[in-house]
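Q: Please take a close look at one part of this model and describe, in a connected account, how that part is put together. I would like the pairing of its pieces and the burial of its residues to be treated together.

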Amino acid sequence: MDVRDLLDQGVTRARDAVSSVAVETRPFVRALVRLCDDGWGQGWHERNGGNASYRLTDEDVRSCRACFHEQPRPWQPLDAAVPAMAGEHLLVTAAGSYFRNVADDPSRALGIVEVDGAGASWRPVWGFAGDGRPTSELASHVIIQGARKEATAGASRVVYHCHPVPVIALTFALPADGRTLTRALWKTMTECIMVFPGGVGAVPTAVPGSRRLADLTAEAARDHAAVIWAHHGLLATGATCDEAFGLAHVVVKAAAIYAEVRALCGGEPAFPLSDDDLAELARGLGVTPRADYLGWPAQRPGPAGAASAASSREG
C-alpha cells in the first residue's frame, strides 16, 4: 500500500468520524436515541428485542445530506412495494442492536435508509457502522410507516415496537381483539380514553418479522395509533418520539393496573366505569372515542349529569 492509499484511507476515516458526530447531534437522532434508552430503562427490551423508526422531514434530510455516504450504496429490494413511502428516508435501529447500547454508539446502533422512487427498494445512506444492517423488520416499518402516513395525512413519523410484560400478559388473559383490549384499558384508568380515543388495535399470534405480521399490523394501524401483538408486544406510533413513547407508556401502565386489579379481585375485575361513564369522561376531556368500542351508535348522547355510578363487569 503506497502513501497515497494510506492518505485516502485516513481522509475517509476522518470524514466518516466527522459525519457520524454531525448526524448524531441532530435533534431527530437525539430524540430516537432517548426513546430507545427510555424503553431500555423501562425493561421493555430484553437482549436485542424491539425496534424503532423515524420518518425524516425534508429539513432533516437537508440538514445531514452532506454527511451521507459519498458513494451511493446498491439498492436492495424490500419485501413489498409501498408507493406511499417513495423517496422517503427512515432513521431505524440496526439488526441485532441492543437498546441498552444505542445511547453509547448511535452510529452503530442506528442508520438512515433511503427508499427508492417506487417504494420498493432501499439503500443505506448513513450509520450502521461496522458493516451493520437495518432491523430485520425494515419492510414491516416501511409498510406500517406508509399506512400511518396515509391515515394521518403525513403527521405520523415514529413507529416504536417494544416487549412490555404487562401488555404481553394481557393477551393471555383476554382475547386478542381490539375492542376487548381497548375496553379493558379504557375502564382501568380514566386518562386512557383521552390518550387513545381511537382505541388500540390487535393482531393474532404471528411469526415475528413476517410479512403476515406486517400486513395485519398495517391494516390495524390505519385506525389505531397503537397495536398490540398477541403474545409478542406492543407497537406505538406518533408524530414525535415523545408522542409514540408516551402512548406506549400509558398502554403499558394501564395493562399493569388491569393485572393488579384482576389479582386483587380474585381473577375477575369489577370495572366501576360503565359505557355512559366513558362517554361522560370523553365529553369532559374533549375527545371523540371510537363509538363501536363503546357499544352504542355514534349519535347516542351520553348522560347529562355527572358520571353514572352504575358498574360494568364487561372488559
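A: Two strands are said to pair if DSSP finds at least two bridges between them. The model is predicted, and the part chosen here is strand S4 with the sheet that surrounds it.

The sheet is open and consists of 9 strands with mixed pairing. Read across, the order of the strands is S2-S5-S4-S3-S1-S6-S9-S8-S7. Its edges are formed by strand S2 (76–77) and strand S7 (200–203). Each of these two has a single partner strand, so one side of each is left without a neighbour in the sheet.

In the strand order, S4 stands between S5 and S3. On the S3 side, strand S3 (residues 89–93) and S4 run antiparallel and are joined by 5 bridges. Within this pair, Leu91 lies opposite Ile112 of S4. On the S5 side, S4 and S5 are likewise antiparallel, with 5 bridges joining them. Here Ile112 stands opposite Trp126 in S5. Ile112 therefore faces Leu91 in the pairing with S3 and Trp126 in the pairing with S5.

How is S4 connected to S5 along the chain? The two strands form a hairpin, with 5 residues between them. In the turn, Gly119 has a positive phi of about 70 degrees.

Beyond S5 comes the edge strand S2. S2 pairs with strand S5 (residues 121–127) in the antiparallel sense, over 2 bridges. In this pairing, Gln76 is placed opposite Trp122 in S5.

The burial of S4 can now be set beside its pairing. Strand S4 covers residues 110–115, and 6 of its 6 residues are buried, so the strand is largely enclosed by the rest of the structure. The cut-off behind this statement is a relative accessible area under 20%. Which residues point to each side of S4? Leu110, Ile112 and Glu114 point one way, while Gly111, Val113 and Val115 point the other way. Both sets are buried, including Glu114.

To summarise, S4 is joined by 5 bridges to S3 and by 5 bridges to S5, and the residues pointing to either side of S4 are buried.

Note on methods
Residues numbered from 1 in each chain as written. Predicted model: local features only at pLDDT ≥ 70, side-chain atom pairs only at ≥ 80, totals over all residues. Heavy atoms only, no water. Helix = DSSP H or I, 4+ residues; strand = E, 2+ residues; numbered from the N terminus. Buried < 20%, exposed > 50% of the residue type's maximum accessible area, 1.4 Å probe, protein only.
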